Structure formats: C-alpha cells, structure tokens
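Here are some exercises to work through with the model open in your viewer. Try each one before reading its solution.

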Amino acid sequence: MGVLNIKAVKENTGVVLDFVTAELENNNFPADLHSDILVAAEEIFVNIASYAYGPEPAGEVIITSNVTDEATFTFEDRGKTFNPLENVNPDLSSPLAERKIGGLGLHFVKSLMDKTEYRRDGDKNILMFAKAAK
Amino acid sequence: MEELTIHKNIDEDAWKNAGSNFFYKVQYFELVGRLNTTTAKDFEKEMNQALRVSEYITLNLSRVTLLTSVGIRIILKTYKQCHVRNGKFLLEDPSQPVKNVLGLSALEKMLGEWAC
C-alpha cells in the first residue's frame with residue numbers, strides 16, 4: 001500500500017504517473033494493463049488540478065494505492081463538492097470536422113476501469129477506480 | 001519520468017501526386033514516448049509549425065506508450081486545420097495503448113487511410 005501527498009497542479013502530473021507506475025511494477029501487476037491505469041490516473045489528477053480548488057491557491061491531493069490481484073487507486077481532495085463521474089457524455093457521433101472534445105478524459109476512466117466510485121465525506125471528495133489483473 | 005520525442009523523418013516526407021498533376025508534400029512524424037499533459041505543449045508547437053509548412057501530415061504512433069485526452073484534443077485540432085484547408089491527415093500504426101484510447105474516442109477514421 002502506497003501513499004502520495006501532492007499539490008494539485010498540472011505540473012505534478014509526471015510525479016503522479018511515476019508513483020502509479022512504481023506501485024504497479026513493485027507489485028508485479030500485468031504490464032499490458034499499466035497504460036490503461038496511467039490514463040485513468042492522469043485524467044482524474046488533471047481534473048482535480050483544474051476544477052477542485054479554483055485558480056489559487058491549489059490544495060493537496062492524497063493518492064492511495066492498493067495493488068494485489070486488483071489495482072485500486074483512491075484520490076482524495078478538500079476542494080468543492082464535485083462528482084466528475086456524473087454527466088459524462090462526450091460527443092462521439094458527429095463528423096470529425098465538427099467533433100467537440102469535452103468529456104473524453106472521464107469517459108476514458110469509466111470505460112477503461114472495472115470499477116469507479118465517488119463519495120463526499122465531510123469536506124473531502126473521494127474518488128476511487130480499480131482494475132482487475134486478468 | 002518519460003517524455004515525448006518527436007522525430008521529423010525527412011526521408012519519409014514525400015511529394016505525392018493527388019491526380020491531375022496536383023502535388024502535395026506529406027510531412028512525416030514519428031512520436032516516441034508519452035503524449036499527455038506533460039508533453040502536450042511541445043507536441044502542439046510542433047503541429048503548429050508543421051501546419052505552417054503544409055496541411056498534409058502523417059503521424060506514426062507505433063512507439064507511443066501513453067495517450068490521454070489532452071493529446072487527443074491536439075490531434076483533433078490538427079485534423080480540423082488540415083480539413084478546412086483541404087489537406088490530409090493520417091494516423092499510422094498505433095500501439096495498443098493508443099488503439100484503446102482512439103477506439104474509445106471514435107477516432108478510428110483517422111487510421112489507415114487518408115482521413116480527409
């Protein structure tokens with residue numbers, strides 16, 4: 001079980017991905033599933049960095065991992081109440097030349113992971129995703 | 001921390017005849033590494049520079065290890081720029097992680113054949 005406590009700014013995305021990679025590698029999680037989990041981790045972290053705290057000052061995110069035969073990552077922030085898993089309706093049908101891009105990141109998270117959950121606990125947003133080893 | 005290397009492969013650049021002796025120059029790029037939040041700015045800059053040269057662009061994605069929504073946004077933006085200028089934009093030989101994300105984005109039309 002690993003924990004990363006980090007400031008919620010986009011510049012820290014690389015550090016978050018290094019943490020997730022190390023947790024997966026150290027627990028021998030199947031390598032062909034790493035990229036899906038890294039996509040989910042980046043999309044959630046960037047979402048928190050963009051929306052949780054407002055422009056300044058950025059708050060913290062605590063990321064907790066539990067990697068066994070299932071890789072579970074939990075993201076906890078103290079920003080405003082926001083469930084990013086609601087209302088994820090990306091435009092996937094209009095012609096490419098007219099395609100809008102919004103909502104894709106969270107659509108990736110919901111599609112690539114086996115489980116996603118959000119809850120508000122006091123002043124905390126707690127978002128969890130999990131992927132099983134195949 | 002993994003980064004993104006962008007190889008501009010001049011050898012693969014080619015003047016192509018679109019018919020009726022209309023020739024266009026295809027710019028060929030190979031991306032290696034992660035196309036994500038940490039590398040998006042450099043990639044966007046490279047695509048903007050490419051669009052100043054011509055609106056015919058091929059991206060080889062066989063060695064991309066991570067593609068996230070910010071990369072998709074720039075790919076789609078570049079596609080649209082090519083499209084409005086009657087150019088052509090192609091994604092070639094995607095790695096498995098790239099295929100997963102392109103499929104979820106319904107962007108397969110950019111693969112394998114000229115997209116616009």
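**Exercise 1: a serine in a loop**

B:Ser54 touches B:Lys25, B:Gln27 and B:Arg85, leaving out residues up to four places away in sequence. Bear in mind that this is a predicted model. Find where B:Ser54 sits, decide whether B:Ser54 is buried or exposed, and say which side chain joins that of B:Ser54 in a polar contact.

Solution. Start with the location: B:Ser54 is in the loop between helix H1 (40-53) and E4 of chain B. Next, check accessibility. The relative value is 8%, and buried means under 20%, so B:Ser54 counts as buried. Finally, look at the side chain: a polar contact of 3.3 Å links B:Ser54 to the side chain of B:Gln27.

**Exercise 2: the start of a helix**

Work out what the side chain of A:Thr13 reaches, and which residues beyond its sequence neighbours A:Thr13 contacts. Then do a similar job for A:Lys10.

Solution. Step one: A:Thr13 belongs to helix H1 (residues 13-26) of chain A. With a relative accessible area of 0%, A:Thr13 is buried.

Step two: follow the side chain of A:Thr13, which gets to the backbone oxygen of A:Lys10 at 2.6 Å. Setting aside neighbours within four places in sequence, A:Thr13 is in contact with A:Glu42, A:Phe45 and A:Val46, plus B:Thr37 and B:Thr38 from chain B.

Step three: move to A:Lys10, in the loop between strand E1 (2-7) and H1 of chain A. A:Lys10 has 42% relative accessibility, so it counts as partly exposed. Not counting residues up to four places away, A:Lys10 touches A:Val46, A:Ala49, A:Ser50 and B:Thr37. Pull up A:Lys10 and A:Val46 together: they are 36 residues apart along the chain, yet their C-alpha atoms are separated by 5.8 Å.

Step four: add A:Gly14, also found in helix H1 of chain A. A:Gly14 counts as buried at 1% relative accessibility. The C-alpha atoms of A:Gly14 and A:Glu42 are 8.7 Å apart, with their positions 28 residues apart along the chain.

**Exercise 3: into the core**

Which residues of the largest nonpolar core touch the most other members, and which helix gives the most to this core?

Solution. Some background first: in soluble globular proteins, nonpolar side chains tend to be buried together. Here the largest nonpolar core has 64 residues, and those touching the most other members are A:Phe73, A:Phe75, A:Phe129 and B:Leu59. Helix H2 (residues 34-51) of chain A gives the most to this core, with eight residues.

Now zoom in on A:Phe75. Leaving out neighbours within four places in sequence, its contacts include A:Ala41, A:Ile44, A:Phe45 and A:Ile48, and further along the chain A:Ile126, A:Leu127 and A:Phe129.

**Exercise 4: a wrapped helix**

Explain why helix H3 (residues 104-112) of chain A is described as largely enclosed, and find what covers its buried residues.

Solution. Count first: seven of the nine residues of H3(A) are buried, so the rest of the structure largely encloses this helix. The buried ones are A:Leu104, A:Gly105, A:Leu106, A:His107, A:Phe108, A:Val109 and A:Leu112. Then look at the cover: from chain A it includes H2, strand E4 (115-121) and strand E5 (124-132), and from chain B it includes H2 and H3.

**Exercise 5: where the chains meet**

Describe the interface of chain B and chain A: how many residues are in contact, how much area is buried, and how many salt bridges does the rule find?

Solution. Begin with the residues: 26 of chain B are in contact with 26 of chain A. The two chains bury about 2100 Å² between them, 67% of it on carbon and sulfur atoms. For the polar side of things, the rule finds zero salt bridges across this interface, but nine residue pairs in polar contact.

Now take the side of chain B that touches chain A. The elements giving two or more residues are strand E4 (56-67), helix H2 (69-84) and H3 of chain B. H2(B) has the largest share, eight residues. By class, this side has 13 nonpolar, nine polar and four charged residues.

**Exercise 6: an unusual phi**

Where in chain B is B:Asp93, and what is notable about its phi?

Solution. B:Asp93 is in the loop between strand E5 (88-92) and helix H3 (96-104) of chain B. Its phi is positive, about 50°, although B:Asp93 is not a glycine. At 48% relative accessibility, B:Asp93 counts as partly exposed.

Definitions and conventions:
Residues numbered from 1 in each chain as written. Chains lettered and ligands numbered in written order. Predicted model: local features only at pLDDT ≥ 70, side-chain atom pairs only at ≥ 80, totals over all residues. Heavy atoms only, no water. Helix = DSSP H or I, 4+ residues; strand = E, 2+ residues; numbered from the N terminus. Buried < 20%, exposed > 50% of the residue type's maximum accessible area, 1.4 Å probe, protein only. Polar contact = N/O pair within 3.5 Å; in protein donor to acceptor, adjacent residues only side chain to side chain. Contact = heavy atoms within 4.5 Å. Core = buried A, V, L, I, M, F, W, Y, C linked by side-chain atoms within 4.5 Å. Buried area = accessible area lost by both parts, 1.4 Å probe. Salt bridge = Lys/Arg side-chain N within 4 Å of Asp/Glu carboxyl O. Nonpolar A, V, L, I, M, F, W, Y, C, P; charged D, E, K, R; others polar.
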